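User: I would like to go through this model and ask, for each label, what reasoning stands behind it. Could you set each value against its cut-off as we go?

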Amino acid sequence: DSIRQHFEENGQGQVFAHFDALSEEAQENLLAEAREIDLEELDQLVASLVKGEDSSNVDMTDSLEPAHFIPLSENGGDAAVWQESTEKGEAALRAGRVAAFTVAGGQGTRLGYDGPKGTFGVTPVLKKSLFQVFAEKILASSEIYGKPIPWYILTSVINHEATLSFFEENNHFGLPPEKIHFFSQGLMPAVDSDGKILLAEKGHIALSPDGHGGALRALVRSGSIRNMEADGVDIVSYFQVDNPLVRCIDPAFIGFHLMNNSELSSKMVPKAYVEEKVGVFCEQDGKALVVEYSDLPDRLAEETDESGTLRFQAGSIAIHIFDRNFTDRLGSGRDEASKLPFHLAKKKVPYVDASGEVRNPEEPNAYKFEMFVFDALPFAENPVIIETAREDDFSPVKNAEGVDSAQTSRDDQLRQYARWARAAGIELEVDQTGLPSANFEVSPLFGDTGERFVAAWEELSHQPVLADGLVLV
């Protein structure tokens, strides 16, 4: 009764319009969903975003400048500084200060796959899942640095149970089960143009995940931040589930984060072409920020310097390192001056009308609210952006075919293996793009970097031919 009254007093009584006709179990489910909604926060969002101006949009002015980043040593960076950062990162790993954090709340729908995206097979031969690829990288680093690295995995209401089952069925891929922490992403209700919460069914609110920025809130609300604190973890290595090339644990990246006393560090790759669909690191009024590719004016996106290089070239690839206390501050929302903004998206959302009938609109009819993790950047002290090699850190699996598909990512994995093999002195036939003719696979447990691959290869008493179907473990 108190929950229903609270919704009535806040003008959202329609949520319980069909309550009395529901079964007792359905009533409990609806009450549980309603209990999680912060109506005060929702009122503010409706007032500012739905009925007012979207204040979260970046104000595009002439003051927008390209962000400063630390280039790779082969691109003009200081090799000695890169070496120092690697050593500092390795020391932090040996001290047990680092945790991995994967945002994995999505389904494989765009890939034509029915299941959590992290369970989708991506490697060239064995078709190992994204989760297994990351698990082997984390396990390899744990063994190298002598400390088990905790792994925090953000799921969603649509894939939480399936994700847990997948890990259990696969014996957690050799990782200690107690070191893997699963927790669900927050949800936000969809509303109509009047700010009224929509029902997906008579007993269910139309809810959707609160965006990858909600990962920070989820870390706090789930108690994960307190777990990290108890374990002595203060460095959180963040990456998204769709990128099998990512270096989950990168000592140099960790070292730059520590050397600069940064609260939030990020990786960039130079944009491959003007229209590439990645956000761009910029600076405005002395603050670093990421501007979505769709929000960057063409005149800036196409602007080049004297050498013909894009001025706004620093592409964001969703790889970050968060300071634990900074995450706690943003995720808790206790500091009004540093709260992640919500963004508005107008979508087609099926809903239950006043008569209890489900309507499937043909045009966008509702508003969803989501946060973006990169919006944390302007709030961070001493943010650091470093360059990384695309071919060793970024080949996402987003589409069923074409650009950023499973096939392009598998090819990029093969190109990486081929580079490592040739560095070890192995004769290998490759095409003009570096793609080998043989379809083989290298487990991160054999070598997770070029240097470690070479060392492992040289230790083999029998060095096999890199032929179709070979897997090095």
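Analyst: A helix here is a DSSP run of H or I with at least four residues, numbered from the N terminus. The model is a predicted one. With helices counted in that way, helix 13 gives the largest share of the lining of the second largest pocket, namely six residues.

User: What makes a residue part of the lining of the second largest pocket, and how many residues line this pocket?

Analyst: A lining residue has an atom within 4 Å of a point of the pocket, and 48 residues line the second largest pocket, with R247, D392, T449, G450 and E451 lying nearest its centre. The space in this pocket is about 1000 Å³. Among the elements that each supply at least two lining residues are helix 4 (79-94), helix 13 (406-423) and helix 14 (450-459). By class, the lining holds 20 nonpolar, 12 polar and 16 charged residues.

User: Why is the contact between D412 and R415 called a salt bridge?

Analyst: The label requires a side-chain nitrogen of Lys or Arg within 4 Å of a carboxyl oxygen of Asp or Glu. The closest N and O atoms of D412 and R415 are 2.9 Å apart, which is within 4 Å, so the pair counts as a salt bridge. Both residues lie in helix 13, three residues apart, about one turn of the helix. In general, an α-helix has 3.6 residues a turn, so residues three or four places apart point the same way.

User: Are D412 and R415 buried or partly exposed, and how do you know that?

Analyst: Buried means under 20% relative accessible area, exposed means over 50%, and partly exposed lies in between. R415 has 18%, which is under 20%, and therefore counts as buried, whereas D412, at 24%, falls between the two cut-offs and is therefore partly exposed.

User: What makes R359 and D353 a salt bridge, and which class of accessibility does each residue have?

Analyst: Their side chains meet with N to O at 2.7 Å, which is within 4 Å, so the pair satisfies the definition. D353 is buried because its 16% is under 20%, while R359, with 41%, is partly exposed.

User: How do you know that D448 and R452 belong on the list of salt bridges, and how many does the whole structure have?

Analyst: The side chains of D448 and R452 meet at 2.6 Å, N to O, and this value is within 4 Å, so the label applies. Salt bridges that share partners also join R247, D250, K267 and D393 into one network. A search of the whole structure finds 20 salt bridges.

User: Why are the buried residues of helix 6 said to lie on the same side of it?

Analyst: The buried residues of helix 6 (residues 160-169) are H160, T163, F166 and F167. They cover an arc of only 130 degrees around the axis, and this puts them on the same side of helix 6. On the other side of helix 6, E161, E168 and E169 are exposed.

User: What makes the phi of N171 worth a remark, and where does N171 lie?

Analyst: Most residues other than glycine have a negative phi. For N171, phi is near 50 degrees, a positive value in a residue other than glycine. N171 lies in the loop between helix 6 and strand 4 (180-184), and it counts as exposed because its 61% relative accessibility is over 50%.

Note on methods
Residues numbered from 1 in each chain as written. Predicted model: local features only at pLDDT ≥ 70, side-chain atom pairs only at ≥ 80, totals over all residues. Heavy atoms only, no water. 1 Å grid on protein atoms, 1.4 Å probe; cavity = no way out; pocket = protein on both sides within 12 Å on 5 of 7 lines; lining within 4 Å. Points joined across faces, edges and corners; volume = space filled by probe spheres on them. Nonpolar A, V, L, I, M, F, W, Y, C, P; charged D, E, K, R; others polar. Buried < 20%, exposed > 50% of the residue type's maximum accessible area, 1.4 Å probe, protein only. Arc of directions from axis to C-beta.
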